[in-house]
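Visitor: I would like a close look at the cysteines of this model and at the backbone places that depart from the usual pattern. Could you take me through them in one connected account?

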Amino acid sequence: GRMVRNCELEKVRIVGEVTLSTSRIADSAIGEHAVIRSCSLIARQLIAPGVQIEATRLEHESIGPFGNDVDVSLGIEHSPATTPLIAEIDTGALCRLAAQGALTPFPDDLYRLIEEYRGSLHSDFGVVGRDARIYAAGTVRSSLIDANVRVEGSVLIEGSTILSSEDESTRIGAGAIVRRGLVQPGASVTDGARISRSLIGAKARVCDGATVSESVIGIRSVIARGEVLCSLLGPLVNMNHNALLIACLWPAGHGTVGSGAQVGSNHTSRLPDQSLIAGEGLFFGLAVAVKFPANYAESPYSVIATGLITGPQRVRFPFSLISILDDPPADAPTGYNRLIPGWMFSHNLFAVLRSEQKHAGRMGVDVSQARAIREESLALVHDALTRLESVELPSDWYDDGQISGVGKNVLLEVDRKRGIAAYRELLDYGKMRVTLDGGSPIDEATRNRYLELIGRLKMRARDSRARDHHRGGRIFDDYHLLHPHPDDDSELEAVISILDDEEERLRVASEV
(Lines give C-alpha, C1' and ligand atoms only; values in the text may rest on other atoms or scores of the structure.)
Protein backbone atom coordinates (compact mmCIF):
# COMPACT_ATOMS: atom_id res chain seq x y z
CA GLY A 1 0.00 0.00 0.00
CA ARG A 2 3.02 2.31 0.07
CA MET A 3 3.33 4.45 -3.05
CA VAL A 4 6.86 5.87 -3.22
CA ARG A 5 7.97 7.44 -6.48
CA ASN A 6 11.04 9.50 -7.39
CA CYS A 7 12.00 10.05 -3.75
CA GLU A 8 15.32 10.18 -1.92
CA LEU A 9 14.89 8.63 1.52
CA GLU A 10 17.46 8.49 4.33
CA LYS A 11 16.69 7.16 7.82
CA VAL A 12 12.94 7.40 7.34
CA ARG A 13 10.44 5.40 9.37
CA ILE A 14 7.11 4.81 7.62
CA VAL A 15 4.01 3.49 9.41
CA GLY A 16 1.26 1.97 7.28
CA GLU A 17 0.12 3.15 3.87
CA VAL A 18 1.58 6.43 2.62
CA THR A 19 1.98 8.30 -0.65
CA LEU A 20 5.39 9.89 -1.29
CA SER A 21 6.48 11.41 -4.57
CA THR A 22 9.29 13.59 -5.91
CA SER A 23 10.61 14.49 -2.46
CA ARG A 24 13.75 14.27 -0.38
CA ILE A 25 13.10 13.02 3.15
CA ALA A 26 15.65 12.40 5.91
CA ASP A 27 15.70 11.55 9.64
CA SER A 28 11.91 11.60 9.88
CA ALA A 29 8.93 9.47 10.88
CA ILE A 30 5.79 9.42 8.74
CA GLY A 31 2.37 8.23 9.92
CA GLU A 32 -0.12 6.22 7.91
CA HIS A 33 -2.15 7.79 5.12
CA ALA A 34 0.26 10.73 4.94
CA VAL A 35 0.74 12.31 1.50
CA ILE A 36 3.99 14.11 0.64
CA ARG A 37 4.58 15.51 -2.83
CA SER A 38 7.18 17.75 -4.50
CA CYS A 39 9.04 18.71 -1.31
CA SER A 40 12.68 19.76 -1.78
CA LEU A 41 13.53 18.66 1.77
CA ILE A 42 11.78 17.22 4.79
CA ALA A 43 14.34 16.70 7.55
CA ARG A 44 14.03 15.77 11.22
CA GLN A 45 10.24 15.80 11.27
CA LEU A 46 7.59 13.80 13.12
CA ILE A 47 4.66 13.65 10.69
CA ALA A 48 1.39 12.36 12.11
CA PRO A 49 -1.18 10.22 10.25
CA GLY A 50 -3.32 11.87 7.60
CA VAL A 51 -0.96 14.80 6.99
CA GLN A 52 -0.70 16.25 3.48
CA ILE A 53 2.39 18.27 2.50
CA GLU A 54 3.11 19.63 -0.97
CA ALA A 55 5.83 21.88 -2.40
CA THR A 56 7.18 22.89 1.01
CA ARG A 57 10.54 22.64 2.78
CA LEU A 58 10.39 21.40 6.37
CA GLU A 59 13.49 21.29 8.53
CA HIS A 60 14.55 21.37 12.16
CA GLU A 61 17.83 23.04 13.05
CA SER A 62 18.02 23.04 16.84
CA ILE A 63 16.53 21.74 20.03
CA GLY A 64 14.03 24.36 21.11
CA PRO A 65 10.53 24.84 22.52
CA PHE A 66 8.99 26.00 19.21
CA GLY A 67 8.86 29.68 20.14
CA ASN A 68 7.50 29.08 23.62
CA ASP A 69 10.63 30.63 25.15
CA VAL A 70 9.68 34.18 24.08
CA ASP A 71 9.75 36.93 26.74
CA VAL A 72 8.37 40.30 25.62
CA SER A 73 8.06 43.88 26.86
CA LEU A 74 4.34 44.66 26.95
CA GLY A 75 3.27 48.26 27.39
CA ILE A 76 6.80 49.67 27.35
CA GLU A 77 9.06 49.33 24.34
CA HIS A 78 12.27 49.29 26.36
CA SER A 79 11.71 47.70 29.75
CA PRO A 80 13.89 45.58 32.06
CA ALA A 81 10.73 43.69 33.08
CA THR A 82 9.33 41.21 30.57
CA THR A 83 6.34 38.89 30.28
CA PRO A 84 6.85 35.20 29.35
CA LEU A 85 4.62 33.84 26.59
CA ILE A 86 3.58 30.31 25.75
CA ALA A 87 1.17 29.13 23.09
CA GLU A 88 -1.41 27.71 25.49
CA ILE A 89 -1.61 30.63 27.91
CA ASP A 90 -5.06 32.19 28.25
CA THR A 91 -4.93 35.65 26.68
CA GLY A 92 -7.80 36.61 28.96
CA ALA A 93 -5.63 35.79 31.98
CA LEU A 94 -2.87 38.03 30.63
CA CYS A 95 -5.41 40.82 30.14
CA ARG A 96 -6.66 40.45 33.71
CA LEU A 97 -3.09 40.66 35.01
CA ALA A 98 -2.50 43.77 32.90
CA ALA A 99 -5.69 45.40 34.21
CA GLN A 100 -4.48 44.75 37.77
CA GLY A 101 -1.00 46.11 37.02
CA ALA A 102 0.44 42.65 37.71
CA LEU A 103 2.27 41.87 34.47
CA THR A 104 5.49 43.30 35.88
CA PRO A 105 6.69 41.67 37.97
CA PHE A 106 5.10 38.53 36.59
CA PRO A 107 3.46 36.31 39.26
CA ASP A 108 5.94 33.72 40.56
CA ASP A 109 3.44 30.83 40.66
CA LEU A 110 2.39 31.37 37.04
CA TYR A 111 6.00 31.80 35.96
CA ARG A 112 6.89 28.39 37.46
CA LEU A 113 4.06 26.73 35.51
CA ILE A 114 5.26 28.37 32.31
CA GLU A 115 8.83 27.20 32.91
CA GLU A 116 7.56 23.62 33.38
CA TYR A 117 5.60 23.88 30.15
CA ARG A 118 8.63 25.18 28.27
CA GLY A 119 10.81 22.39 29.58
CA SER A 120 8.37 19.76 28.33
CA LEU A 121 8.49 21.03 24.74
CA HIS A 122 12.15 20.63 23.81
CA SER A 123 12.41 18.32 20.82
CA ASP A 124 14.99 17.04 18.37
CA PHE A 125 12.30 17.09 15.68
CA GLY A 126 9.78 19.42 14.12
CA VAL A 127 6.19 18.26 14.50
CA VAL A 128 3.25 18.16 12.10
CA GLY A 129 -0.01 17.02 13.73
CA ARG A 130 -2.70 14.68 12.47
CA ASP A 131 -4.59 15.75 9.33
CA ALA A 132 -2.67 19.02 8.99
CA ARG A 133 -2.45 20.45 5.47
CA ILE A 134 0.68 22.29 4.29
CA TYR A 135 0.67 23.43 0.66
CA ALA A 136 3.24 25.62 -1.13
CA ALA A 137 4.29 27.02 2.23
CA GLY A 138 7.87 28.08 1.51
CA THR A 139 9.94 26.98 4.52
CA VAL A 140 8.70 25.60 7.83
CA ARG A 141 11.63 25.46 10.23
CA SER A 142 11.87 24.23 13.83
CA SER A 143 8.13 24.54 14.38
CA LEU A 144 5.15 22.66 15.79
CA ILE A 145 2.20 22.55 13.41
CA ASP A 146 -0.79 21.19 15.33
CA ALA A 147 -3.49 18.81 14.11
CA ASN A 148 -5.93 20.25 11.56
CA VAL A 149 -3.85 23.39 10.89
CA ARG A 150 -4.09 24.72 7.33
CA VAL A 151 -0.97 26.35 5.89
CA GLU A 152 -1.10 27.49 2.27
CA GLY A 153 1.12 29.90 0.38
CA SER A 154 3.05 31.22 3.37
CA VAL A 155 6.65 32.37 2.97
CA LEU A 156 8.20 31.31 6.29
CA ILE A 157 7.23 29.74 9.60
CA GLU A 158 10.22 29.58 11.92
CA GLY A 159 10.58 28.62 15.58
CA SER A 160 6.82 28.79 16.08
CA THR A 161 3.84 26.92 17.50
CA ILE A 162 0.61 26.90 15.48
CA LEU A 163 -2.24 25.39 17.51
CA SER A 164 -5.63 24.27 16.29
CA SER A 165 -8.67 22.26 17.36
CA GLU A 166 -11.22 19.94 15.79
CA ASP A 167 -13.85 22.65 15.43
CA GLU A 168 -11.57 25.69 14.98
CA SER A 169 -9.01 25.22 12.23
CA THR A 170 -6.10 27.66 12.25
CA ARG A 171 -4.91 29.20 8.97
CA ILE A 172 -1.52 30.51 7.92
CA GLY A 173 -2.06 31.89 4.42
CA ALA A 174 -0.64 33.64 1.41
CA GLY A 175 2.60 35.54 1.93
CA ALA A 176 2.58 35.20 5.73
CA ILE A 177 5.83 35.27 7.71
CA VAL A 178 5.75 33.91 11.26
CA ARG A 179 8.97 34.06 13.28
CA ARG A 180 8.81 32.74 16.83
CA GLY A 181 5.08 33.21 16.76
CA LEU A 182 2.48 31.52 18.95
CA VAL A 183 -0.87 31.17 17.20
CA GLN A 184 -3.94 29.87 19.00
CA PRO A 185 -6.87 27.81 17.64
CA GLY A 186 -9.11 29.44 15.09
CA ALA A 187 -6.74 32.34 14.44
CA SER A 188 -5.51 33.30 10.99
CA VAL A 189 -2.36 34.97 9.71
CA THR A 190 -2.77 35.69 6.01
CA ASP A 191 -2.19 37.98 3.04
CA GLY A 192 1.34 39.14 3.70
CA ALA A 193 1.02 39.55 7.47
CA ARG A 194 4.25 39.40 9.51
CA ILE A 195 4.34 38.01 13.04
CA SER A 196 7.43 38.19 15.24
CA ARG A 197 7.78 37.08 18.87
CA SER A 198 4.05 37.46 19.49
CA LEU A 199 0.98 35.57 20.70
CA ILE A 200 -2.08 35.63 18.44
CA GLY A 201 -5.19 34.74 20.45
CA ALA A 202 -7.98 32.37 19.50
CA LYS A 203 -10.01 33.44 16.46
CA ALA A 204 -7.99 36.62 16.00
CA ARG A 205 -6.98 37.72 12.49
CA VAL A 206 -3.78 39.36 11.30
CA CYS A 207 -3.93 40.13 7.59
CA ASP A 208 -3.37 42.49 4.66
CA GLY A 209 0.30 43.16 5.32
CA ALA A 210 -0.08 43.95 9.03
CA THR A 211 2.98 43.67 11.28
CA VAL A 212 2.75 42.40 14.85
CA SER A 213 5.92 42.30 16.96
CA GLU A 214 6.51 41.59 20.66
CA SER A 215 2.76 41.71 21.30
CA VAL A 216 -0.33 39.82 22.45
CA ILE A 217 -3.45 40.03 20.26
CA GLY A 218 -6.66 39.09 22.08
CA ILE A 219 -9.50 36.83 21.04
CA ARG A 220 -11.34 37.86 17.86
CA SER A 221 -9.29 41.02 17.41
CA VAL A 222 -8.49 42.05 13.83
CA ILE A 223 -5.20 43.67 12.82
CA ALA A 224 -5.14 44.58 9.14
CA ARG A 225 -2.53 46.72 7.37
CA GLY A 226 -1.32 48.40 10.55
CA GLU A 227 1.64 47.93 12.89
CA VAL A 228 1.42 46.73 16.49
CA LEU A 229 4.55 46.71 18.65
CA CYS A 230 5.11 45.91 22.35
CA SER A 231 1.37 45.96 23.04
CA LEU A 232 -1.24 43.81 24.73
CA LEU A 233 -4.69 44.01 23.14
CA GLY A 234 -7.76 42.44 24.65
CA PRO A 235 -10.72 40.98 22.74
CA LEU A 236 -12.36 42.60 19.74
CA VAL A 237 -9.88 45.35 18.98
CA ASN A 238 -10.14 46.41 15.33
CA MET A 239 -7.38 48.02 13.28
CA ASN A 240 -8.61 47.77 9.72
CA HIS A 241 -6.43 50.41 8.05
CA ASN A 242 -2.88 51.72 8.05
CA ALA A 243 -2.24 52.84 11.60
CA LEU A 244 0.34 52.54 14.37
CA LEU A 245 -0.02 51.15 17.89
CA ILE A 246 3.10 51.05 20.07
CA ALA A 247 3.56 50.32 23.77
CA CYS A 248 -0.15 50.08 24.49
CA LEU A 249 -1.92 48.09 27.21
CA TRP A 250 -5.56 47.64 26.21
CA PRO A 251 -6.67 44.77 28.45
CA ALA A 252 -10.44 45.21 28.09
CA GLY A 253 -10.26 45.66 24.31
CA HIS A 254 -13.49 46.19 22.35
CA GLY A 255 -12.04 49.30 20.69
CA THR A 256 -11.07 50.71 17.31
CA VAL A 257 -7.97 52.29 15.81
CA GLY A 258 -8.94 54.50 12.88
CA SER A 259 -7.02 54.97 9.64
CA GLY A 260 -3.85 56.98 10.03
CA ALA A 261 -3.96 56.98 13.83
CA GLN A 262 -0.50 57.30 15.35
CA VAL A 263 -0.94 55.82 18.81
CA GLY A 264 2.73 55.63 19.55
CA SER A 265 4.31 58.99 20.09
CA ASN A 266 6.57 57.55 22.76
CA HIS A 267 9.69 58.63 20.91
CA THR A 268 10.29 61.88 22.75
CA SER A 269 13.81 62.41 21.36
CA ARG A 270 14.99 60.58 24.46
CA LEU A 271 14.26 56.91 25.21
CA PRO A 272 11.21 55.06 23.83
CA ASP A 273 10.22 54.09 27.37
CA GLN A 274 6.76 55.69 27.68
CA SER A 275 3.41 53.93 27.35
CA LEU A 276 -0.35 54.17 27.01
CA ILE A 277 -3.25 52.44 28.76
CA ALA A 278 -6.48 52.38 26.76
CA GLY A 279 -9.92 51.93 28.28
CA GLU A 280 -12.52 49.46 27.07
CA GLY A 281 -14.23 50.48 23.85
CA LEU A 282 -11.97 53.47 23.21
CA PHE A 283 -12.12 54.84 19.67
CA PHE A 284 -9.03 56.48 18.19
CA GLY A 285 -10.30 58.56 15.27
CA LEU A 286 -8.83 59.17 11.84
CA ALA A 287 -5.28 60.58 11.83
CA VAL A 288 -5.08 61.24 15.57
CA ALA A 289 -1.62 61.56 17.14
CA VAL A 290 -1.60 60.38 20.72
CA LYS A 291 1.38 61.50 22.78
CA PHE A 292 2.73 59.41 25.63
CA PRO A 293 2.51 58.80 28.53
CA ALA A 294 -1.27 58.58 28.46
CA ASN A 295 -3.83 56.84 30.63
CA TYR A 296 -7.41 56.42 29.39
CA ALA A 297 -8.24 53.36 31.53
CA GLU A 298 -11.00 55.28 33.32
CA SER A 299 -12.52 56.63 30.11
CA PRO A 300 -14.18 53.55 28.57
CA TYR A 301 -16.31 53.95 25.45
CA SER A 302 -14.92 57.39 24.69
CA VAL A 303 -13.92 58.88 21.34
CA ILE A 304 -10.79 60.83 20.41
CA ALA A 305 -12.05 62.76 17.40
CA THR A 306 -10.51 62.98 13.94
CA GLY A 307 -7.20 64.74 13.48
CA LEU A 308 -6.49 65.63 17.10
CA ILE A 309 -3.08 65.79 18.72
CA THR A 310 -3.49 64.81 22.36
CA GLY A 311 -0.89 65.64 24.98
CA PRO A 312 0.51 63.37 27.69
CA GLN A 313 -2.42 63.01 30.07
CA ARG A 314 -4.72 60.99 32.29
CA VAL A 315 -8.38 61.35 31.40
CA ARG A 316 -11.04 60.00 33.79
CA PHE A 317 -14.41 60.60 32.14
CA PRO A 318 -16.27 57.58 30.65
CA PHE A 319 -18.48 57.76 27.55
CA SER A 320 -16.93 61.07 26.54
CA LEU A 321 -15.72 62.93 23.48
CA ILE A 322 -12.37 64.67 23.10
CA SER A 323 -12.64 67.07 20.18
CA ILE A 324 -11.13 70.26 18.85
CA LEU A 325 -11.54 73.39 20.98
CA ASP A 326 -12.62 75.58 18.07
CA ASP A 327 -13.51 78.69 20.10
CA PRO A 328 -11.13 78.60 23.06
CA PRO A 329 -11.59 80.98 26.01
CA ALA A 330 -9.09 83.85 25.83
CA ASP A 331 -7.24 82.68 28.95
CA ALA A 332 -7.27 78.94 28.14
CA PRO A 333 -3.96 77.09 27.57
CA THR A 334 -2.90 76.87 23.94
CA GLY A 335 -2.89 73.47 22.27
CA TYR A 336 -5.56 72.02 24.55
CA ASN A 337 -8.57 70.08 23.25
CA ARG A 338 -12.18 70.07 24.42
CA LEU A 339 -13.47 67.37 26.76
CA ILE A 340 -17.22 66.72 26.68
CA PRO A 341 -18.17 64.28 29.49
CA GLY A 342 -20.96 61.79 28.80
CA TRP A 343 -21.28 62.82 25.15
CA MET A 344 -21.47 59.23 23.91
CA PHE A 345 -24.59 58.67 26.02
CA SER A 346 -26.23 62.03 25.43
CA HIS A 347 -25.45 62.40 21.71
CA ASN A 348 -24.35 59.00 20.34
CA LEU A 349 -26.40 56.39 22.18
CA PHE A 350 -26.94 54.53 18.91
CA ALA A 351 -23.20 53.78 18.74
CA VAL A 352 -23.04 52.59 22.36
CA LEU A 353 -25.94 50.17 22.04
CA ARG A 354 -24.81 49.02 18.60
CA SER A 355 -21.39 48.17 20.03
CA GLU A 356 -23.08 46.00 22.66
CA GLN A 357 -25.01 44.14 20.00
CA LYS A 358 -22.04 43.86 17.64
CA HIS A 359 -19.69 42.53 20.30
CA ALA A 360 -22.28 40.04 21.53
CA GLY A 361 -22.69 38.70 18.00
CA ARG A 362 -18.96 38.34 17.44
CA MET A 363 -18.43 36.59 20.76
CA GLY A 364 -21.47 34.36 20.25
CA VAL A 365 -23.13 35.41 23.53
CA ASP A 366 -26.37 37.07 24.55
CA VAL A 367 -26.31 40.86 24.38
CA SER A 368 -26.75 40.97 28.16
CA GLN A 369 -23.26 39.45 28.47
CA ALA A 370 -21.57 42.09 26.30
CA ARG A 371 -22.77 45.30 27.87
CA ALA A 372 -20.84 48.53 27.74
CA ILE A 373 -23.20 49.95 30.36
CA ARG A 374 -22.74 47.65 33.36
CA GLU A 375 -21.62 47.81 36.98
CA GLU A 376 -17.87 48.27 36.25
CA SER A 377 -18.35 51.18 33.86
CA LEU A 378 -21.10 52.67 36.02
CA ALA A 379 -18.71 52.84 38.97
CA LEU A 380 -16.41 55.00 36.82
CA VAL A 381 -19.39 57.13 35.78
CA HIS A 382 -20.34 57.68 39.43
CA ASP A 383 -16.80 58.77 40.27
CA ALA A 384 -16.71 61.16 37.29
CA LEU A 385 -20.08 62.62 38.25
CA THR A 386 -18.87 63.24 41.79
CA ARG A 387 -15.91 65.22 40.47
CA LEU A 388 -18.10 67.28 38.14
CA GLU A 389 -20.49 68.09 40.97
CA SER A 390 -17.71 69.00 43.41
CA VAL A 391 -17.17 72.44 41.84
CA GLU A 392 -18.00 75.09 44.46
CA LEU A 393 -17.21 78.22 42.46
CA PRO A 394 -18.36 77.82 38.84
CA SER A 395 -16.06 79.15 36.13
CA ASP A 396 -16.31 79.55 32.37
CA TRP A 397 -13.91 76.64 31.94
CA TYR A 398 -11.83 74.13 33.92
CA ASP A 399 -8.56 72.28 33.55
CA ASP A 400 -7.03 69.34 35.39
CA GLY A 401 -6.04 71.52 38.31
CA GLN A 402 -9.64 72.43 39.00
CA ILE A 403 -11.33 69.11 38.14
CA SER A 404 -9.14 66.04 38.42
CA GLY A 405 -9.13 63.80 35.35
CA VAL A 406 -9.64 66.51 32.73
CA GLY A 407 -6.09 65.96 31.47
CA LYS A 408 -4.63 68.38 28.94
CA ASN A 409 -8.08 69.47 27.86
CA VAL A 410 -10.48 72.29 28.56
CA LEU A 411 -13.81 71.45 30.18
CA LEU A 412 -16.31 74.24 29.47
CA GLU A 413 -18.94 75.10 32.07
CA VAL A 414 -21.71 74.33 29.57
CA ASP A 415 -20.17 70.87 29.03
CA ARG A 416 -19.86 70.32 32.80
CA LYS A 417 -23.58 70.95 33.27
CA ARG A 418 -24.51 68.75 30.32
CA GLY A 419 -22.11 66.08 31.57
CA ILE A 420 -23.80 66.07 34.98
CA ALA A 421 -27.18 65.58 33.35
CA ALA A 422 -25.88 62.85 31.03
CA TYR A 423 -24.14 60.95 33.81
CA ARG A 424 -27.18 61.12 36.13
CA GLU A 425 -29.37 59.72 33.38
CA LEU A 426 -26.78 57.07 32.53
CA LEU A 427 -26.59 55.97 36.17
CA ASP A 428 -30.38 55.77 36.29
CA TYR A 429 -30.42 53.61 33.17
CA GLY A 430 -27.66 51.42 34.59
CA LYS A 431 -29.55 51.03 37.87
CA MET A 432 -32.58 49.93 35.89
CA ARG A 433 -30.53 47.24 34.16
CA VAL A 434 -29.14 45.99 37.47
CA THR A 435 -32.65 45.89 38.92
CA LEU A 436 -34.00 43.91 35.97
CA ASP A 437 -31.09 41.48 35.95
CA GLY A 438 -31.41 40.89 39.68
CA GLY A 439 -35.13 40.26 39.50
CA SER A 440 -35.77 42.82 42.22
CA PRO A 441 -39.35 43.99 42.69
CA ILE A 442 -40.26 47.35 41.15
CA ASP A 443 -42.93 49.69 42.50
CA GLU A 444 -45.28 51.43 40.09
CA ALA A 445 -43.68 54.87 40.41
CA THR A 446 -40.21 53.49 39.68
CA ARG A 447 -41.55 51.42 36.78
CA ASN A 448 -43.17 54.48 35.22
CA ARG A 449 -39.98 56.51 35.66
CA TYR A 450 -37.95 53.80 33.94
CA LEU A 451 -40.50 53.51 31.13
CA GLU A 452 -40.23 57.24 30.54
CA LEU A 453 -36.44 56.93 30.49
CA ILE A 454 -36.54 54.16 27.88
CA GLY A 455 -38.91 56.26 25.79
CA ARG A 456 -36.40 59.14 25.84
CA LEU A 457 -33.53 56.83 24.96
CA LYS A 458 -35.44 55.37 22.01
CA MET A 459 -36.11 58.88 20.74
CA ARG A 460 -32.44 59.78 21.24
CA ALA A 461 -31.22 56.77 19.29
CA ARG A 462 -33.64 57.52 16.45
CA ASP A 463 -32.67 61.21 16.45
CA SER A 464 -29.01 60.23 16.13
CA ARG A 465 -29.70 58.27 12.94
CA ALA A 466 -32.13 60.88 11.66
CA ARG A 467 -29.43 63.56 11.92
CA ASP A 468 -27.13 61.38 9.80
CA HIS A 469 -29.87 60.87 7.22
CA HIS A 470 -30.78 64.54 7.06
CA ARG A 471 -27.15 65.65 6.72
CA GLY A 472 -26.47 63.08 4.00
CA GLY A 473 -29.54 64.24 2.06
CA ARG A 474 -28.27 67.80 2.07
CA ILE A 475 -24.94 66.67 0.63
CA PHE A 476 -25.97 63.97 -1.87
CA ASP A 477 -29.03 64.18 -4.12
CA ASP A 478 -29.35 60.40 -4.25
CA TYR A 479 -28.58 59.76 -0.58
CA HIS A 480 -32.10 58.41 0.06
CA LEU A 481 -31.64 55.83 -2.71
CA LEU A 482 -28.58 54.33 -1.08
CA HIS A 483 -29.45 54.72 2.60
CA PRO A 484 -32.65 53.59 4.28
CA HIS A 485 -34.88 56.13 5.94
CA PRO A 486 -34.63 55.88 9.75
CA ASP A 487 -38.13 54.37 9.78
CA ASP A 488 -36.82 51.47 7.67
CA ASP A 489 -33.27 51.23 9.05
CA SER A 490 -32.56 47.62 10.08
CA GLU A 491 -29.41 48.65 11.99
CA LEU A 492 -31.40 51.17 14.00
CA GLU A 493 -34.22 48.72 14.66
CA ALA A 494 -31.71 46.14 15.88
CA VAL A 495 -30.47 48.67 18.41
CA ILE A 496 -34.01 49.72 19.38
CA SER A 497 -34.76 46.04 20.02
CA ILE A 498 -32.41 46.18 23.04
CA LEU A 499 -34.57 48.94 24.52
CA ASP A 500 -37.77 47.17 23.46
CA ASP A 501 -36.68 44.06 25.33
CA GLU A 502 -35.90 46.06 28.46
CA GLU A 503 -39.23 47.85 28.17
CA GLU A 504 -41.07 44.52 28.00
CA ARG A 505 -39.14 43.18 30.99
CA LEU A 506 -40.14 46.27 32.93
CA ARG A 507 -43.82 45.77 32.12
CA VAL A 508 -43.82 42.20 33.38
CA ALA A 509 -41.52 42.74 36.37
CA SER A 510 -43.13 41.96 39.71
CA GLU A 511 -44.18 44.80 42.00
CA VAL A 512 -43.23 45.27 45.63
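Guide: What follows goes from the cysteines to a neighbouring strand residue, and then to the backbone. The model is a predicted one, and every value below should be read with that in mind.

A disulfide is a covalent bond between the sulfur atoms of two cysteines. With a pair of cysteine sulfur atoms required to lie within 2.5 Å, the count in this model comes to zero disulfides. Two cysteines show why the rule is not met: the sulfur of cysteine 7 has its closest cysteine sulfur in cysteine 39, at 9.1 Å, which is too far for a bond, and for cysteine 95 the closest cysteine sulfur belongs to cysteine 248, at 11 Å, again too far for a bond. The surroundings of these two can also be described, since cysteine 7 is partly exposed, with a relative accessible area of 24%, whereas cysteine 95 is buried, at 7%.

Cysteine 39 appears again in the contacts of arginine 24, a residue of strand S4, which covers residues 24-30. Leaving aside residues up to four places away in sequence, arginine 24 touches Glu8, Cys39, Ser40, Leu41 and Ile42, and with a relative accessible area of 41% arginine 24 is partly exposed. Arginine 24 and cysteine 95 are separated by 71 residues in sequence and by 45 Å in space, taken from C-alpha to C-alpha.

As for the backbone, most residues other than glycine have a negative phi, and most peptide bonds are trans. Against that background, the peptide bond from threonine 104 to proline 105 is cis, with omega near 0 degrees, and proline 105 sits in the loop between helix H1 (91-99) and helix H2 (108-119). Another cis peptide bond joins phenylalanine 292 and proline 293, where omega is about -5 degrees; proline 293 lies in the loop between strand S36 (289-291) and strand S37 (294-295).

Positive phi values are found in alanine 136 and arginine 220, neither of them a glycine. For alanine 136 phi is near 45 degrees, and this residue belongs to strand S12, residues 133-141, where alanine 136 is partly exposed with a relative accessible area of 43%. For arginine 220 phi is about 60 degrees, and the residue is placed in the loop between strand S25 (216-217) and strand S26 (222-224); arginine 220 is likewise partly exposed, with a relative accessible area of 27%.

How values were computed
Residues are numbered from 1 along each chain as its sequence is written. This is a predicted model: local features need pLDDT of at least 70, side-chain atom pairs count only at pLDDT 80 or more; totals for chains, interfaces and linings use all residues. Side-chain values use heavy atoms; hydrogens and water are left out. Buried means under 20% relative accessible area, exposed over 50%, partly exposed in between (1.4 Å probe, protein chains only). Helices (H or I, at least four residues) and strands (E, at least two) are DSSP runs, numbered from the N terminus. Contact means heavy atoms within 4.5 Å.
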